[in-house]
Amino acid sequence: MPELEYFNDQQREAILCETKRVLVLAGAGSGKTKTLIQKLLYLIQHKQVKPSNILAITFTKNATNEMLDRLIVAGETNGKYEQFINAKHISQKEKDTERFKQVRSKPWVNNLTVRTFHSLCYYILKNYGGSVYDNKFRLILEDDSFESAENFKGRAPERPFELLHKILIEKCKDKTYLLTLKRYILDFYVDRIFMEEKLKQSVYKTETKYTTLRGEKVRSKSERDIADWLYRHSIKYAYEPEIYFKDFEFKPDFFIPQADLYIEHVSDKSFPMNEKEQQFAASGHTLVKTYESMTQNSNLFNLALERIVMGKIRDNISQIVSLSFEEEFKSYHDKIEEFLKMCMRVSSMAKGDNIPFEKILCKAKESNHDRVKIFYDLSLPLLAEYKNCCIKRSYLDFDDLLIETINLLENHAQIRTLFQHKFRYILVDEFQDVNSLQVKLLKLLATEESQLFCVGDDWQSIYGFRGSEVDYIINF
């Protein structure tokens, strides 16, 4: 076979291999995809395998198009299509149109199944899942970059991030949830990142600053807790106001106008209080001291603040404060976006490993890290509502496509057998990026008689953030 002259010994061995399970590992740029395409051509040209019995799986729309381009180029003799597809002055739309025409005009290419995992699942559900899903589901997609996304007639009118953001705003109508979320954002996105950046910039110890729910910086975590308690109870306050009663100017920690009350929080870092107390006594103003030891138990500390402050409030204040999501997070939209992206990642990984949200929450409560516990307390109610919305509106996202296709094949032997008989050869590109759902799908499609031919790079994992597992290569 003269066409194999351009391949090295290992590549030729892979192309000619008859073993039912073949894994080709090589580094970036070493010709893995080229080997896979030649394997496909070898099956058709020399093994006389029907193109309809071959399934080639890629990970992206661009990879699918590139594979089709290479197949078309391999089948032509004049080189016109190769010149056309590589021409820089021709638009992508024109190239897509010409590719479509070329595929349609060549039965041996048209009869191949070259798809991404999700496009394959969409095809199976739409054409064979009618009795189960009535074909009325709609895809909720983040963008249009995926294989055949523009051909999906059942597109949801909203995107996953957009829907989750709407759910978050609705959830934040609950004052407790909103302020817990804001406290989480301030603690773990604003203050922590601020301190890390400061430490990078200087070898000297940087004074820690804590951001209150109202948005100002205070000197200690305990002062932040006092400020947050006042904010939650709609009590106006001034932090470190400059005052002059008799002999000198100084800054008490808090002043509460409605109670004509000053609060000094005393810790081992505080300056001596004697002279300040004398100034308060001489002026007739009320000073109350809180102590660091009181903050060890948050419930007792809150009760102490209620006893200290509420009994001295002169005005009738409302305990119900109107808090707007937009107002509270006007300076932190980028942090909210990070939080929601992490929520979506958790959702995808939970679906991939078939872990119920309830189990995740129970596990999170056992964590020694507040950040973990608070994150799941905030995120899982959002994700549960997101799931309910998708069910009510018949939305399927990318993970759902895989899950529902797997369910269809597992529960309907006739459909499963149909595809097992159809796809006698299954070729998978970029195998290092598969996740547990995709592996499960491959196991349902492949039989002992079919050949599974995978190429991958164990040093690359572009989609690792989506739950891909290099273990599937190591334990192939």
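Y184 and F375 are both buried, and I will start from these two residues in what is, I should say at once, a predicted model. Y184 belongs to helix α10, residues 175-201, and F375 to helix α17, residues 370-392, so the contact between their rings ties together parts that are 191 residues apart in sequence. A pair of aromatic rings is described by the distance of the centres and the angle of the planes. For Y184 and F375 the centres are 6.4 Å apart and the planes stand at 40°, so this pair is classed as tilted.

F375 also has a partner in F339, and here the ring centres are 5.8 Å apart with the planes at 80°, so that pair is edge-to-face. F339 sits in helix α15, residues 333-352, while F375 is in helix α17, so in this case the parts tied together are 36 residues apart in sequence. F339 and F375 are, again, both buried. If you step back from the individual pairs, Y184, F188, Y189, F339, F375 and Y376 make up one aromatic cluster, and the model as a whole has 15 aromatic pairs.

Let me turn to the sheet. In what order do the five strands of the open sheet run? The order is β1-β15-β14-β2-β3, with parallel pairing, and the edges are formed by β1, residues 21-25, and β3, residues 113-116, each of which pairs on one side only. On average, neighbouring strands in this sheet are turned by 15° against each other, if direction is ignored. At the β1 edge, the parallel pairing with β15, residues 451-456, extends over five bridges, and if you would like one position to look at on the screen, R21 has L452 as its bridge partner in β15.

Helix α7, residues 117-128, lies across β2 (54-58), β3 and β14 (425-428), and its direction is at about 110° to that of β3. Helix α7 appears again when we look at helix α19, residues 413-422, in which I415, F419 and Q420 are buried. Why can these three be placed on the same side of α19? They cover an arc of only 135° around the axis, and that puts them on one side of the helix. On the other side of α19 we find Q414 and H421, which are exposed. The buried residues of α19 pack against α7, and also against α18 (398-411) and α20 (436-445).

Now to the charged side chains, where the count comes to 29 salt bridges. I will go through three of them and then a network. In the pair of E66 and R70, the N to O distance is 2.7 Å, and both residues lie in helix α3, residues 61-75, four residues apart, about one turn of the helix. E66 is partly exposed at 40% relative accessibility, and R70 is partly exposed as well, at 32%.

The salt bridge between K166 and E162 has an N to O distance of 3.4 Å, and these residues too are four apart, in helix α9 (residues 160-171), and are therefore separated by about one helical turn. K166 has a relative accessible area of 44%, so it is partly exposed, and E162, at 35%, also counts as partly exposed.

The third example is E327 with K330, whose closest N and O atoms are 3.2 Å apart. Are these two residues partly exposed or exposed? E327 is partly exposed, with a relative accessible area of 46%, whereas K330, at 52%, is exposed because the cut-off for that class is over 50%. Beyond such pairs, R183, D187, K221, R224, D225 and D228 are linked in a network of salt bridges.

I will finish with two backbone positions. Most residues other than glycine have a negative phi, and most peptide bonds are trans. S234, although not a glycine, has a positive phi of about 60°; it is placed in the loop between α11 (221-232) and β7 (238-239), and with a relative accessible area of 23% it is partly exposed. S394 likewise is not a glycine and has a positive phi of about 60°. This serine lies in the loop between α17 and β13 (395-396), and S394 is partly exposed, with a relative accessible area of 35%.

How values were computed:
Residues are numbered from 1 along each chain as its sequence is written. This is a predicted model: local features need pLDDT of at least 70, side-chain atom pairs count only at pLDDT 80 or more; totals for chains, interfaces and linings use all residues. Side-chain values use heavy atoms; hydrogens and water are left out. Two strands pair if DSSP finds at least two bridges between them. Helices (H or I, at least four residues) and strands (E, at least two) are DSSP runs, numbered from the N terminus. Axes are lines fitted to C-alpha atoms, for helices over the stretch in contact, and angles run from 0 to 180 degrees between N-to-C directions. Contact means heavy atoms within 4.5 Å. A salt bridge is a side-chain nitrogen of Lys or Arg within 4 Å of a carboxyl oxygen of Asp or Glu. Buried means under 20% relative accessible area, exposed over 50%, partly exposed in between (1.4 Å probe, protein chains only). The arc is that of the directions from the helix axis to the C-beta atoms. Rings of Phe, Tyr and Trp (its six-membered ring) pair if their centres lie within 6.5 Å; planes under 30 degrees apart count as stacked, over 60 as edge-to-face and the rest as tilted.
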